[in-house]
Structure formats: structure tokens, C-alpha cells
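Trainee: Could we go through this model together? I should like to begin with the metal site.

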Amino acid sequence: MLLPVFTLKLRHKISPRMVAVGRYDGTHPCLAAATQAGKVFIHNPHTRSQHFSASRVFQSPLESDVSLLNINQAVSCLTAGVLNPELGYDALLVGTQTNLLAYDVYNNSDLFYREVTGDNVHSLALCDFDGDGKKELLVGSEDFDIRVFKEDEIVAEMTETEIITSLCPMYGSRFGYALSNGTVGVYDKTARYWRIKSKNHAMSIHAFDLNSDGVCELITGWSNGKVDARSDRTGEVIFKDNFSSAVAGVVEGDYRMDGHIQLICCSVDGEIRGYLPDTAEMRGNLMDTSVEQDLIRELSQKKQNLLLELRNYEDNAKAELSSPLNEADGHRGIIPANTKLHTALSVNLGSEAQAAHAELCISTSNDTIIRAVLIFAEGIFLGESHVVHPSIHNLSSSIRIPITPPKDVPVDLHLKTFVGYRSSTQFHVFELTRQLPRFSMYALTSPDSASEPLSYVNFIIAERAQRVFMWLNQNFLLPEDTNIQNVPFQVCFTSLRNGGQLCIKIKLSGEITINTDDIDLAGDIIQSMASFFAIEDLQVEADFPVYFEELRKVLVKVDEYHSVHQKLSADMADNSNLIRSLLVRAEDARLMRDMRTMKNRYMELYDLNKDLLNGYKIRSNNHTELLGSLKAVNQAIQRAGRLRVGKPKNQVITACRDAIRSNNINTLFRIMRVGTASS
Ligand code: CA
Ligand code: CA
């Protein structure tokens, strides 16, 4: 449909996602990309290349319009933008596992080079989520959540089914996202508009108005080399192209400097293609005819399907008439018109041969059999679909399907059930959707105070017992005869995943106590209740003795890692001075032709070098451990927040961060327990 307006083939490989366009001299857009062996290349087709004398940048031996920037470490992030408006040009920002470099390409100098500690964030985007004219920060994390920050506060959280690898603002409160399992889609605020899942990986997403209708499409570059543009509203593909290798990045810029912004796609093999949007004059005609043509195509497809269905019914009716009606005949395709399909969800405690699981039972209302069941569900089955196809000897009117959701999130099960007779060649397909409750992996058990977990959360809500029972019924798989009418009551569950206990107690006063050693589960239950009962703010008292003790140990370790880090950095600085002096003395000895002393100095240098290498290994291990511990601390703060709702939630997170900053461990635990720093 669209052809590239330019194609370049660079002789440098491009690392996935590490592509940025910037005007590093304030005028000419240049493409920067991370390449192999810890280097970043800058493609500058506009001006004769400068010859640099400093150490960081050198001319590519392969291409005259490409300069190389030495980073000496694998690049994990690359972007360009205005850091200092007074300079009037873009800085190049290069991130590695341990450092951030802000580089002034034009003057070939470092703006700054800082040590940084990574976190479990995989993607970031700025987007005016709540429509107040100011942008919020969207953060995609390793724990499958998209969080929306308004300054320091989390104002919304959306749970996905995999690591969020990319986020991109589209317009207004709409943004695109990509997951590590090949899913891409579009959200508007907290509502997901659409999503599609591919067996390929979405390497890069970008918003760009390719058909000039004033609305951005979601452009995705895929691991199989495909680039597609999808309608923001429907996800329908309106444009695609193919590269011969995986797409590394999708960016935009006026690369030809003719006043028109191009969509620029780069492959990992260094192929760059630029695309111009449809021109406005063409658009009027193109759009009208294509809308009509689409509609006609869609309607004739529908007509075809209906005709096919009608012919099947006619054929079946003929067969029915020509052969005597005989139950044993079995060649019928038609099922009785009153055939109904029942579905039921329950908990199966498992056996020696099979672990405990949630179970979906599908049955027909007569002697028809179920030939096959197709289930489509997000995040439960590999590839999102599951087919149950009993062998011909095991066909019956009911079928039991084990389901084991890995996380406590409600999931829609879209079912297609093929119903017919044993020797039918055609089947009636029942399509229906059942929702798997959020806490379907918990079995109701009789209360046993001996095994009641020590950890708990405690709070007060003003709800009638009947409403709490409704919440329980909607979120757990309760046996059919369960009925709770009166307060106080207590229900206990056992986790089908790890056998952990969960007890929920409600007192006459509206006080609810939830006992579980799983702090994530406690948070999930509180968030679920809050949305069911429309609670805006909820303060909660909590205690998780074992988890808090673990956290205390982690905090002690963080301190240790910090002091080891300082000591090692000081040692390294000392050693660098020593190296300098040894080198000078060795060189002096050489000039004096004192070969013995020179040799001794070099021996010392050799030993020192070994020490330095060892020191580096220790430093590097220490750093990895520190990162792991900091992640755990951050996670603990998020968890403490998730035990609360609304303002108290944000207050807990802010207060915890303050306590960490001022190194006030006891205050930290007090906040996590009672939700506030003051007594
Ligand atoms: Ca806003
Ligand atoms: Ca558009």
C-alpha cells in the first residue's frame, strides 16, 4: 500500500529497541543506534563527517557518514532529547546496566556520566492520562503491571499477563502497549480498546498518523521483520511492510529535511526505510472508496457465511427426511432444537495423579455428545488457546476441563463447544463466555484455628453481610450449598497452589480480619473488595511478621552492600594512583637503563592488575546483589501500599520512601503495620 520514500543499508548491526533520532547540532536529524560490542553509531547523512580527535568518538571504518561512540559496555537504553533548552540541540542519552551517559554529540563531550541503579521498570511513557492538560508518567514493570504516576502518586494500575516491554503515548489519554509474549494493544485510560497476540515478538511500537486522518495509528515492528500499522480504535491492519530481518526500532523524523516527517523503521541488519504519510489531497478519495469497499467486502463475506450455513441446514434436513428417524442410526447432523449447554466451575482437590485445580464442567441437556471444546483465555494457556478433543471411545455428553490460572486475576473463558452425535460429520457449535473468578484457586475448607496464619490485615467497612457474601460468591468458587446470612461469620480457604491458609472473618461492627501469610493475596483481596464495594479510601492495619523479618534482613544487607561499595571504590581510586606511580617509576628505570628495577616495577604492576580484576569482580557481584536487594525493598513498599486503598495507599508509599531515605527502619515497619508514621 505504501512504499518507502528512502531506503538505506548501513553496514552496522542494530541492537533491538536501541534506536533514537535527534538533532544533535540543532538542525540535522541524525539516527543513533546501539551496535555490537558496546558501541553506539550515529548516522549523519547531511553534513560531511567531522573528524574527531577525542577518545570517545571515531569514524566508522565501514562508512563515511557514520561515527562510532565507544561505550565499552552493553547498551540497555538509548534516547535523544533536549536536556538544556539554552543549548538548542539534542543530547544523546545512553544507558547501560550501571551507568547513564548524557553526551553532547556536536561538541563531542560528556554532559554527564553517572552511576545508576536499575530497577524492575521495562518501559516508560508520558501521556495525559486524566485529561487535565498535564502529562502523567506511565510505567511498565516486570510484575506485569502498568502503573500511572501523577508526581509521586500512583493514580491507576492495570494488570497485564506478561512483562510490559513497551509503552507509547498515542493522543489524549490513549496509549499503546506491548508485552513480552507477542501481545500489542491500545488502552484508553484504564480500559483496553483492543489487543492482538502474535507468535512473534513486538520489538518496538510507535504512534504515527500514516493515513493522514488526523489520528495516530499504532505502528509495530516485529521480530519476524514485519512492520504493521493498526487502527487505534479497532486494531485492524491498515498498512504493512516486510524487512528481511527482525525490526530493531521504529522512530520518526524529517530525515530528508524537506519539511515532511517520515516514519523510520530500522532492522537489526542495519536496513533503514522511511515512509511518508498519505498526502492530504489523495486521502479524500482514497479513504471514501476504501471505506465503501471494506463495507462491501465485509457484507459479502457475511453473505457467504450465511449461505453456507443455510446449505448445511438444508442438507441435514434432506438427510433426515430420506433416512428413517432412528436413534441408533447415528448419521444425523442435526441436534434437537431444545439442546442446551450447561457450564459449571468448581474446585477439584486433585488426586495423587493430578494436582489440585479449578475445573470447568460442560454438559449437554440430552443424549448428544461433546466432540470438542475450544477455549480462548488470556494468560492461562500457552498460546492463549486450549483444545479438548476426546478420543472417539470417550465421547460423552459431559466433559471436565482442568484449569490452573497462574495468577489471581479474573479471566474470561471464551468457549466454542462442538455438539452432535457419535458419528456426526457436522456439529452444532455453541459459543459462550464464562468468567473464571479471581480467586478460583482457593478451596473452601472448614475453619481450623490451629493452622490459622499469624499474618493478618484488619479494617472496617460498612457493608451488610449479604453484600459481603455476594462478593465472596463472585470472587471464589464456593460450593453450591454455601450460604451465609448472619454476621459474625468466618470462612476459610486453602490455596490450591501451595496449601497456604486464608481466613476471612467479619464481626458485627463491620470489622474484617483476613489471615494469610501471602501479602500479595491480602493486597489482591483488599483491592478486589474496594472495587466491589466502591470504597475510595481504606486504612488498614497489617502485620506480616515473617515477611517483615525477611525485609529487615534485606535492609541490613543493603547497608552492607553500600559500605562495601564505598570501600571498593576508594580502593580502586588508591590503586589507580599506585598504577600511575608504578608506571612513572618503571619508565624512569627504563630511561636509566636499570632493567632490573624496571622489570620489578612491571611485575608489581602485573600483580596489581590481577588485584584490580579481582576487585572488579567483587564490585560487580556486590552491585548485582545490591540491585536485587533494592528491588526487594521497592517491592515491599508497593506491597504495603496495595494493602490500602486511595489516599492511605499513597500516604503509605510516600511515607515508606521517606523512611528509607532517612534510614529510619523502625518508622518504616511502623508505617507498613499501621499505615502512618505518627502514633
Ligand atoms: Ca494529566
Ligand atoms: Ca491515522
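Mentor: One definition is needed beforehand: donors are N, O and S atoms within 2.8 Å of the metal, or 3.2 Å for Na, K and Ca. Please note also that this is a predicted model.

Trainee: How are the donor residues of the calcium ion (ligand 2) spaced in sequence?

Mentor: Their spacing is D-x1-N-x1-D-x1-V-x1-E. The coordinating atoms belong to Asp 209 (OD), Asn 211 (OD1), Asp 213 (OD), Val 215 (O) and Glu 217, which appears with OE twice. The distances run from 1.9 to 2.8 Å.

Trainee: Why is the arrangement around the calcium ion (ligand 2) irregular?

Mentor: The 6 donor atoms subtend angles of 51 to 169°, and therefore the arrangement is irregular. Six donors count as octahedral if opposite donors are over 155 degrees apart and all others between 65 and 115.

Trainee: And what does Asp 213 count as in terms of accessibility?

Mentor: Asp 213 counts as partly exposed, at 29% relative accessibility. Val 215 counts as partly exposed too, at 21%.

Trainee: Changing topic: is Lys 649 buried or exposed?

Mentor: Lys 649 is buried, with a relative accessible area of 9%. Lys 649 lies in helix α6, residues 647–661.

Trainee: What is Lys 649 in contact with, leaving aside neighbours within four places in sequence?

Mentor: Its contacts are Glu 157, Gly 641 and Arg 644.

Trainee: Lastly, the backbone. Where is Asn 72 found?

Mentor: Asn 72 is in the loop between β6 (66–70) and β7 (75–81). Although not a glycine, Asn 72 has a positive phi of about 65°. Most residues other than glycine have a negative phi. Asn 72 is exposed, with a relative accessible area of 65%.

Definitions and conventions: Residues numbered from 1 in each chain as written. Chains lettered and ligands numbered in written order. Predicted model: local features only at pLDDT ≥ 70, side-chain atom pairs only at ≥ 80, totals over all residues. Heavy atoms only, no water. Tetrahedral: all angles 85-135°; square planar, octahedral: opposite > 155°, others 65-115°. Buried < 20%, exposed > 50% of the residue type's maximum accessible area, 1.4 Å probe, protein only. Helix = DSSP H or I, 4+ residues; strand = E, 2+ residues; numbered from the N terminus. Contact = heavy atoms within 4.5 Å.
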